[in-house]
Amino acid sequence: MIRYDGEGKPYVRGKGTYNDAIWQERRFDTARNWALVEALLSDATIRVQWIFVSLPLEDRLLEYATRHKKPRWLIEYARAVMYDPPDAPTHSDHFHVRIYCPRDDRFHGCVDRGVVWQHEKKSYKYGGPERYDPIAWRSLASLSTIALSPG
């Protein structure tokens, strides 16, 4: 897979090479990649924990969203869940999307790892029907990025 830098241009790490003869002409399609992030975060049935992506590409995506006047809650939500984990190779050639286990999958052994975002905590703590309320999340996100902190 072709790696991209913060300018959206392809690069080769080390002395590697690509089998694609025109790899140097390729560009990171910021608009389409933002559309994917926006679709994931706007869908009330998808409970995103993380979107792993390199920091330069995250910055590029957030700048695109800001420039195109996307809703503040969406930008802040994206800023909270986009992450480049330091203990893994950089995600400059793909996204890794981690979603929370639905309750019925937890019953069959699905185990969530890592942070449980504040808007997810009641689903974990209390029984009864699982509820995902993107409106509440959007309200928190529009108040401040502090409200988005894990814990």
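Leaving aside its neighbours within four places in sequence, which residues is H94 in contact with? Keep that one in mind while you go through the points below; the reply comes in point 8.

1. First, a word on what you're looking at. This is a predicted model. The protein has six helices and five strands, and from the N terminus on they come in the order β-β-α-β-α-α-β-β-α-α-α. Of its 151 residues, 36% count as buried. Take the contacts with a separation of 6 or more: residues 24 or more positions apart account for 68% of them.

2. Let's start with the sheet. Three strands make up an open sheet, ordered β4-β3-β5, and the pairing is mixed. β4 and β5 are the edge strands, each with a single partner strand, so one side of each has no neighbour in the sheet. If you're wondering what holds such a thing together, strands of a sheet pair through backbone hydrogen bonds, either parallel or antiparallel.

3. Now look at how β3 pairs on each side. With strand β5 (residues 96-99), β3 pairs in the antiparallel sense over four bridges. One pair to find on your screen is I51 and its bridge partner in β5, V97. With strand β4 (residues 82-83), β3 runs parallel, and two bridges join them. Here you can look for F52, which stands opposite Y83 of β4.

4. Is strand β3 (residues 48-52) buried or exposed? Five of its five residues are buried, so β3 is largely enclosed by the rest of the structure. Two helices are worth checking here. α1 lies across β3, β4 and β5, running at about 170 degrees to β3. α3 lies across β3 and β4, and its angle to β3 is about 70 degrees.

5. Helix α2 (residues 55-67) is a nice one for a quick sanity check. It has 13 residues, and at 1.5 Å a residue they should span 18 Å; the end C-alpha atoms are 18 Å apart, which agrees. Its buried residues are L57, E58, L61, L62, Y64 and A65. These cover an arc of only 155 degrees around the axis, which puts them on the same side of α2. And what do they pack against? The buried residues of α2 pack against β1 (3-4), α1 (30-42), α3 (72-81) and β4.

6. Next, how do α1 and α2 meet? They pack at an angle of about 85 degrees, with their axes 10 Å apart. That angle makes α1 roughly perpendicular to α2. On the α1 side the contact is made by T30, A31, N33 and W34, and on the α2 side by R60, L61, Y64 and A65. Notice that L61, Y64 and A65 were also in the list of buried α2 residues.

7. Moving along the chain, K69 sits in the loop between α2 and α3. Its phi is near 55 degrees, a positive value in a residue other than glycine. K69 counts as exposed, because its relative accessibility is 74% and the cut-off for exposed is over 50%. Helix α3 is another story: eight of its ten residues are buried, so α3 is largely enclosed by the rest of the structure. The buried ones are W73, L74, I75, E76, Y77, A78, A80 and V81.

8. Back to the opening question. H94 is found in the loop between β4 and β5. Apart from its neighbours within four places in sequence, H94 is in contact with M1 and F52. You've already met F52, the residue opposite Y83 of β4. The C-alpha atoms of H94 and V53 are separated by 7.0 Å, although these two residues are 41 residues apart along the chain. As for accessibility, H94 is partly exposed, with a relative accessible area of 31%.

Conventions
Residues are numbered from 1 along each chain as its sequence is written. This is a predicted model: local features need pLDDT of at least 70, side-chain atom pairs count only at pLDDT 80 or more; totals for chains, interfaces and linings use all residues. Side-chain values use heavy atoms; hydrogens and water are left out. Buried means under 20% relative accessible area, exposed over 50%, partly exposed in between (1.4 Å probe, protein chains only). Two strands pair if DSSP finds at least two bridges between them. The expected span of a helix is 1.5 Å times one less than its number of residues. The arc is that of the directions from the helix axis to the C-beta atoms. Contact means heavy atoms within 4.5 Å. Axes are lines fitted to C-alpha atoms, for helices over the stretch in contact, and angles run from 0 to 180 degrees between N-to-C directions. Angles under 35 degrees count as roughly parallel, over 145 as roughly antiparallel, 65 to 115 as roughly perpendicular and the rest as oblique.
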